[in-house]
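Dear colleague,

I am passing on the structure we spoke about, and I would be grateful if you could look through it with the notes below beside you.

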Amino acid sequence: MTKSYVLKPSTREATELSNLRSELNPAQWDAVTFREGSCLVIAGAGSGKTRVLVYRVAYLVNSGVDPEQILLLTFTRRAAREMLQRASLVLDERCGRVSGGTFHSFASTLLRRFSKHLGLHPNFTILDRSDSEDVIQLIRTELGFDKIKKRFPRKKTLQQILSACVNKQLEIEEVLEKSHPHFLDFLGEIEALQARFNEYKLSLSLLDYDDLLVYLKLLLSTEPRIREEISSKYRFVMVDEYQDTNCLQARIASLLSSVHKNLMVVGDDSQSIYSFRGADFRNIMGFPKQNEGCKVIKLEENYRSTQPILDLTNEVIAGALRSHEKVLYSRKKSEQKPVYVETFSENEQSRFVVQRVLELREEGVALNEIAVLFRNGWHSNDLEVELSASGIPFVKYGGIKFVEASHIKDILAHLRVCHNPMDSVSWLRILLLLEGVGPQTAKDLIERIVTVRGSFDALVDKDLEKRKFFPLLEKLRDTLVAVRECHGTLGEMILIIDQYYRPILKNHYDDFQKRIPDIDSFEAIAERYRDLEEFLVEMSLEPPERSQTDVDPLDKDQEQLTLSTIHSAKGLEWHSVLILHLVDGFLPSERSLESPEEVDEERRLLYVAATRARENLYLLKPSLQSPGRGNYYQSATRGFQMVSRFLTEGDILNDKVEQWRLVPEDKPEKKDPRRSTQELMDDVHRFLAEHSKKK
DNA sequence: CTTTGCAATATTTTT
DNA sequence: TATTGCAAAG
């Protein structure tokens, strides 16, 4: 006789998903179980936004949706990876197969597949900002604008103008009026340059960051069959950090979901910090109006930070121009208010951070649970020196990336021409490195290469034999051929290039000694890749960050302190957060002061930074900008610095923070916490004396 | 044509 | 301060 035996679902799945409801608040539950149609989730900082996305993915997959039919567009690939990893923990490895990435990387993949519909080569090159600038420079001379008597904008400015046109979908005239009115005289020239720029890039299959979005939008809007194919493939589309999308991205999201209209966007208008890049918060505010029947879900309970931290951040955001109705609240009680510390010099600030980090570690807070945040890349320079001296390992996010160093770009250029031999920007770079080759010769050579559709043999043409640099060209060609025929890892390819490149490096950079270790660590990174295209795409779209342990890769897995620009800290959280340089002119940045909207964005920046903290928040303000460090005339005109205007509002300094006063080890603390003028002057003299000693 | 050396000039945040 | 632009020398 056969007996039926009921097999229950896997316990993991059962417990995880059945407990779901009890683990989520009603609003979160609504968002997680939302299925068809459009939905806007307004998610305040720390309100479990990631959790909602993760659980929704798990929920959909569990209900039988093929993971590949879910598209998750995030701001960084790191965010996507983290989310899918967490989803796999909740459910199973099926979640790892969810499609996703950044708008740009998604565009890169789709455009390669459908390149012929746009007249592109599938091996197109992605230009970073400085590559675009080089192309602009090339065109500027080609059109003869370098000979204009009056001062023509520099390549950097031109790139900014053209990029703003794309990202904000404006005419050149409008951009000039708004941000560069003094260049309005050149309107005609800039327009001509723009036309030639776009034509040029298309003809050589060079795409800058903006083009990736432009061409994806073009593909989706002009090819209905492709749009339907793609939109039917991705039945559920989710966009994270929607407040930081620009109008192109919003349009793309809507085109991607045109067949089924299943589009969920998640974001928080008070965390919009990318308007300088064309992000438009109206995308998120206007979403319900543009999508009929859109469901709006608000998540307002904060699960991340303690109430005292939220008391501070609520106050900061309350001063914003745009009214924010949200007031975040938390059940995490704590006696500890955020700490505000005025240090005397920048170096004192660094020493405070080092000491505090060491103490926190003593208290059992892991190093990767601590982050130091700041407004721009070089704000951490002094701290980095101090950290290295104390042997604290760290990773730095944001600021200058190491693939942007010119010697690394040189090597990348050699790889790039192997992938797309029409890549004239890379050719220019490669050729200018050769002794005896200047802009003119390089231009001629590139022309030869392009006319034979990228054959390397154009480098060793008979009529070049007499030129003195001919032997160099032969070597170059042999190297590139060897790389192209190398079927090993990218590390091996770089080794081949390095053999050829090392003498050039020594010849070309007088500080070549310092650059050699970089090449070695670049090679180590490249060792992980086998596919040239994948490597190049990743290097331009998700380049590796600079870390202290890159220098000695022995202890790779050890804990590291995070240093990060506030922009790169978006979406992340730490147990303890220290914010540097809360000085008026740094945050808000001096350059934002003319426009109230920009100051408002700086305020949101502070808001984002402060809401990263779970338990401890330290706000630091050095009083004196060190002379001789950083920006010359900033320090010269400033000297003493005022605390950021965002902290002087209301009762923040009196009530929302606990002020710490630094005292030297040997002196007992005085009753009056304020520094007397005499003391202050003593400090100044001590400081100046110390400083002149160093010189 | 290239290279070199001097003068001017603009400085954030990122895919 | 670092980078770019310009002019003169090689």
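What follows is a set of notes on helix packing, on two histidines and on some backbone features.

Please keep in mind throughout that this is a predicted model.

Let me begin with helix packing, for which two descriptors are used: two packed helices are described by the angle between their axes and the distance between the axes. For helix α8 (residues 155-168) and helix α9 (residues 172-179), the axes come within 9 Å and cross at roughly 115°, and the crossing is right-handed. On the α8 side the contact is made by I161, L162, A164 and C165, and on the α9 side by I172, V175 and L176. Sorted by class, the residues of this contact are seven nonpolar, with no polar and no charged residue among them.

The pairing of α6 (103-113) with helix α24 (residues 532-541) has axes that come within 10 Å and cross at roughly 150°, and this crossing, too, is right-handed. Here H104, S105, S108 and R112 of α6 meet E533, V537 and L541 of α24, a contact whose residues divide into two nonpolar, three polar and two charged.

One residue of that contact deserves a closer look. Is H104 buried or exposed? With a relative accessibility of 17%, which is under the 20% cut-off, H104 counts as buried. Neighbours within four places in sequence aside, H104 is in contact with Y209, L212, L213, Q249 and L541. Of these, L212 and L213 are themselves among the buried residues of α11, while L541 belongs to the α24 side of the contact described above.

That leads to helix α11 (residues 209-222), which has 14 residues; at 1.5 Å a residue the helix should span 20 Å, and since its end C-alpha atoms are 20 Å apart, the expected and modelled spans agree. The N-terminal end of α11 is capped by D208, a side-chain oxygen of which lies 3.1 Å from the backbone nitrogen of D210. The buried residues of α11 are D210, D211, L212, L213, Y215, L216, L219 and L220, so that D210 appears both in the capping contact and in the buried set.

The other histidine, H117, is placed in the loop between α6 and β4 (125-127). H117 is partly exposed, because its relative accessible area of 39% falls between the 20% and 50% cut-offs. If residues up to four places away in sequence are not counted, H117 touches L219, E223 and I226, and L219 is one of the buried residues of α11. As for longer separations, H117 and G319 are 202 residues apart in sequence and 50 Å apart in space, taken from C-alpha to C-alpha.

Finally, there are three backbone features that you may wish to inspect. A cis peptide bond, with omega about 5°, joins L587 and P588, and P588 is placed in the loop between β16 (574-579) and α25 (596-610). K261, in the loop between α13 (247-256) and β7 (263-267), has a phi near 65°, a positive value in a residue other than glycine, and K261 is exposed, with a relative accessible area of 54%. R453 likewise has a positive phi, near 55°, without being a glycine; R453 lies in the loop between α20 (439-451) and α21 (470-485) and is exposed, at a relative accessible area of 62%.

With best wishes

Methods: Residues numbered from 1 in each chain as written. Chains lettered and ligands numbered in written order. Predicted model: local features only at pLDDT ≥ 70, side-chain atom pairs only at ≥ 80, totals over all residues. Heavy atoms only, no water. Axes fitted to C-alpha atoms, helices over the stretch in contact; angles between N-to-C directions. Helix = DSSP H or I, 4+ residues; strand = E, 2+ residues; numbered from the N terminus. Left-handed = near helix turned anticlockwise from the far one by under 90°. Contact = heavy atoms within 4.5 Å. Nonpolar A, V, L, I, M, F, W, Y, C, P; charged D, E, K, R; others polar. Expected span 1.5 Å × (residues − 1). Buried < 20%, exposed > 50% of the residue type's maximum accessible area, 1.4 Å probe, protein only. Polar contact = N/O pair within 3.5 Å; in protein donor to acceptor, adjacent residues only side chain to side chain.
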